[in-house]
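Dear colleague,

I am passing on the structure we spoke about, together with some notes on what turned up when I went through it. Please read the notes with the coordinates open beside them.

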Amino acid sequence: MNFIIKLFKALNSGQTPWQVTLAIVLGMIMGLTPLSGVQTALILFLALLINIHFGLFLVSSAFFAGVGYIFDPLFESFGYTLLSAQGLQGLWTAMYNSGIMRLTYFNNTIVLGSFVVAIALALPLYLILNRVIDTSRGKIVLFMDRYPLLAKFGILKKSDKKDSTFRIMGVGVFAAVTALTLAVAMLVIDPVIKFALEKGLSSATGKDVLIRDVETSFGDASLRITDLEVQDDNGKTNSVSIQNILADLDFNALLLRKKHMELVQVSGIGFDTPSSNPKPSSAKEQTGTAESSTSSFAMPQIKLPTPKELLANADLKSLKVYNQAQKEIDEIKAKWERVSKEELSSNKLDEYKKDLEAIKSASKSKDPTQLLKLKDDITAFKKKIDAHKAKLASIKKDFADDKARISKLISEIKNAPQSDYNNLKSAYSLDSSGAINVVGTIFGEKIKEYIAMAKKYYTLAQPYMKSEAKVEPPKPPRGEGRWIKFKEEVPSPDIYVAKVDLSGKLKSQDFTGTINDIADDQKLLGKATTFKVTSDGDVVEKFVLEGKDDRLGEVAHESAVFGAKRVPLDNLVLSSVTLKKSDIALRGSADVYGLSKLELKSSLDFKNAAVSMEGLDEKYSDIVNSTLSEVKSFYVKTDATGSLESPAVDVTTDLDKKISQALSGVFSKEAKKYEAQLQTMLNEKMQEQLKGVNGSASGIPDINSLVGSQSGALEKLLSESSSIGTGSATDSIKNLLPF
């Protein structure tokens, strides 16, 4: 405590009013403005350089910091108004394009608002306080003397000693504090960057990322990262590991709050390497791993399913036709049951009979009114009968159409089994389109496996390839401001890497590569990201992978072409088929649109191959493998389309034809027997379906009989109505009249 008091006394030897007043004013500016930007360091430097009361400066800073917190929302709103003012856009844009001015954090709403208010208040506050202290100094000193601690600091006590305006000691203190701050920053910056990189990369990739060491160099503005590992979910291996990353940073871009690198050197890249800090695995995880390793990539046995199994699992047309026919016939049956109850019931006839009886009764009446109305009633009755007869004719025609439809449905059921037979026979034949499409199945699954592997690494890089949409920052919480961006005179992305040099090893093969123009906003840069990886050695000859990540258009487009003169393959066991050795020449291309749609085309030429099949019956094994021993070369062409998550893979090859030729002779007798059994079972199933359909159809009411019965009854009623003469009724009316 004594040391601090002595330090303050040494810094506060001057006691003139302007020194006290300036201490309060500088403290006011320091307190109202958030601790950020070069203005904070400048005010602190002035407080130490000018011979003011430093203790009072600190007290004033603390007091006005509390005042500033109360008025933060107003400062933020005022700062936003200034930064949004149309007349000031030119000034802000010029300042925004200056790295030094960026260090003032002027484009933060709360920093600008509070600083402008503080500067506006500085001169009035200085003049008022200087006058008050000068005229009332004695009273103020007496008040301060009542508090021992303030008396020890010597605030406002008059001194006859004449001190200079500036103090060298303050500059020394500032230099010492600055040096200490830089020293501490240099000690902690590497661990802080390491922690931030591990956390950020883990969040972006969804994997645990470990970094052994980070080293920064302020002299050449470089950053070195040693032993970076992206762990797999099992915690035992790394999806990717990198021994060294050396990045040359652009210091001018850093001042503009951008991360630009001219060159990044990445060496010692490895894939599926053991983790340096493996996680302990549970018994469940170990079991799951073992199961996946044994169950993944299984191949069906080289045999046809039984006809019963085939019919149980096949997508049969006859079953669909039967279900549709049964549904339609049930609907037709329900329709005519309803018609027979509602339209063809005896209720209608009873109603007409009652109407006829009423007419007959009216014809015997001596009431002139009823006799005059009789003719109209008879005419109306006949119209009702005629309308009902027309309706019966329509019902009869509709019923005939439905009967014809039922006959057609039954005919379709009879014909469907032959179509199913032809399709099943073709689908399960021993050729490239059949169930025993050995190579198509094998390589189709293997291609999917490779696509899944590529997607794993693509997913790791995907977060860094997205161009995020620029949005206006929301209203900030209390105590924070909004960062406002202005037009850049030379637009550039926030993140930009001009070139990345790569080197590493995949299994035993070394590779090198380059990536150019990595940016978080390609449209602003005007360039797409391009890459190229090459490898040439004793194992793999002349391998090339090159492509680009293009986000300049409406839809993102990643494309790549690849090829190799020779890739050796030793003892590839794919379920029932074994390639004991072969050399592969490959070429192809891949395109991904919108981060999801995949188009892949590849061609693999196998040479010097040794093909054999395992698991065959002894009587077939020698014949088949003898034929396959003559197969030395073949091709496999693969197309993959659809979504990146679940692509549809189409494989064409001439090896399946060669295998099919070997198998077809061996299985010819079994195939004929199989086809006969399949035909018989389909026909039996069809007969069962016909019984069900005919049973449903037989339950349809005899509409024709009902219509005929009602038509006869209506004709009889019509005849009876016609026999009621209207002439006699007229004569009866004349007889009733006196003239």
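**Overall picture**

Among the contacts in the chain that join residues at least 6 apart in sequence, 67% are between residues at least 24 apart. Please keep in mind throughout that this is a predicted model. The chain has 739 residues, of which 38% are buried, and its secondary structure comes to 24 helices and 14 strands. Its accessible surface is about 41,700 Å², and carbon and sulfur atoms account for 59% of that area.

**Nonpolar cores**

The largest nonpolar core holds 36 residues, and within this core Trp336 and Ile413 touch the most other members. Two or more residues are given to this core by each of helix H15 (317-342), helix H16 (346-363), helix H17 (368-427), helix H22 (668-698) and helix H23 (703-722), with H17 supplying the largest share, 12 residues. If you centre the view on Ile413 and set aside the neighbours within four places in sequence, you will find Ile413 in contact with Val321, Tyr322, Ala325, Met686, Gln689, Leu690 and Val693. A second core, separate from this one, has 26 residues, among them Ile24, Met28, Leu56 and Ile110.

**Thr21**

Helix H2 (residues 17-32) contains Thr21, which counts as buried because its relative accessibility is 0%. The side chain of Thr21 reaches the backbone nitrogen of Asn130 at 3.5 Å. Once neighbours within four places in sequence are left aside, the contacts of Thr21 are with Leu125, Tyr126, Leu129, Asn130 and Ile133.

**Helix H5 and its surroundings**

Two residues of helix H5 (residues 72-84) deserve a look, and Leu74 is one of them. With a relative accessibility of 56%, Leu74 counts as exposed, and together with Ile70 and Phe71 this leucine forms a nonpolar patch on the surface, the three having about 310 Å² of accessible area together. The other residue is Glu76, which also lies in H5 but counts as buried, at 3% relative accessibility. Glu76 forms a salt bridge with Arg482, and the closest N and O atoms of the pair are 2.9 Å apart. Since Arg482 lies in the loop between helix H18 (438-461) and strand E5 (495-506) whereas Glu76 is in helix H5, the pair ties together parts that are 406 residues apart in sequence. Arg482 counts as buried as well, at 9% relative accessibility.

**Other salt bridges**

The count for the model comes to 19 salt bridges, and besides the one above I would point to two that involve strands.

- Arg566 and Glu541 form a salt bridge in which the closest N and O atoms are 3.2 Å apart. This pair links distant parts of the chain, with Arg566 in strand E9 (residues 557-574) and Glu541 in the loop between strand E7 (529-535) and strand E8 (543-550), 25 residues apart. Arg566 is partly exposed at 22% relative accessibility, and Glu541 is partly exposed at 25%.
- Lys601 and Asp639 form a salt bridge with 4.0 Å between the closest N and O atoms. Because Lys601 lies in strand E11 (residues 597-607) and Asp639 in strand E13 (residues 634-643), the pair ties together parts that are 38 residues apart in sequence. Lys601 counts as exposed, at 52% relative accessibility, while Asp639, with a relative accessible area of 32%, is partly exposed.

There is also a network in which Lys335, Asp398 and Asp402 are joined by salt bridges that share partners.

**Backbone points to check**

Finally, there are two aspartates whose backbone angles you may want to look at. Asp227, in strand E2 (residues 222-231), has a positive phi of about 55 degrees although it is not a glycine, and at 28% relative accessibility Asp227 counts as partly exposed. Asp517, in strand E6 (residues 509-519), is likewise not a glycine and has a positive phi of about 60 degrees. Asp517 counts as buried because its relative accessible area is 13%, which falls under the 20% cut-off.

With best wishes

How values were computed. Residues numbered from 1 in each chain as written. Predicted model: local features only at pLDDT ≥ 70, side-chain atom pairs only at ≥ 80, totals over all residues. Heavy atoms only, no water. Helix = DSSP H or I, 4+ residues; strand = E, 2+ residues; numbered from the N terminus. Buried < 20%, exposed > 50% of the residue type's maximum accessible area, 1.4 Å probe, protein only. Polar contact = N/O pair within 3.5 Å; in protein donor to acceptor, adjacent residues only side chain to side chain. Contact = heavy atoms within 4.5 Å. Core = buried A, V, L, I, M, F, W, Y, C linked by side-chain atoms within 4.5 Å. Areas by Shrake-Rupley, 256 points an atom, 1.4 Å probe, with all protein chains shown as cover. Patch = residues over 30% accessible without salt bridge, like charges linked within 9 Å, V, L, I, M, F, W, Y side chains within 5 Å. Salt bridge = Lys/Arg side-chain N within 4 Å of Asp/Glu carboxyl O.
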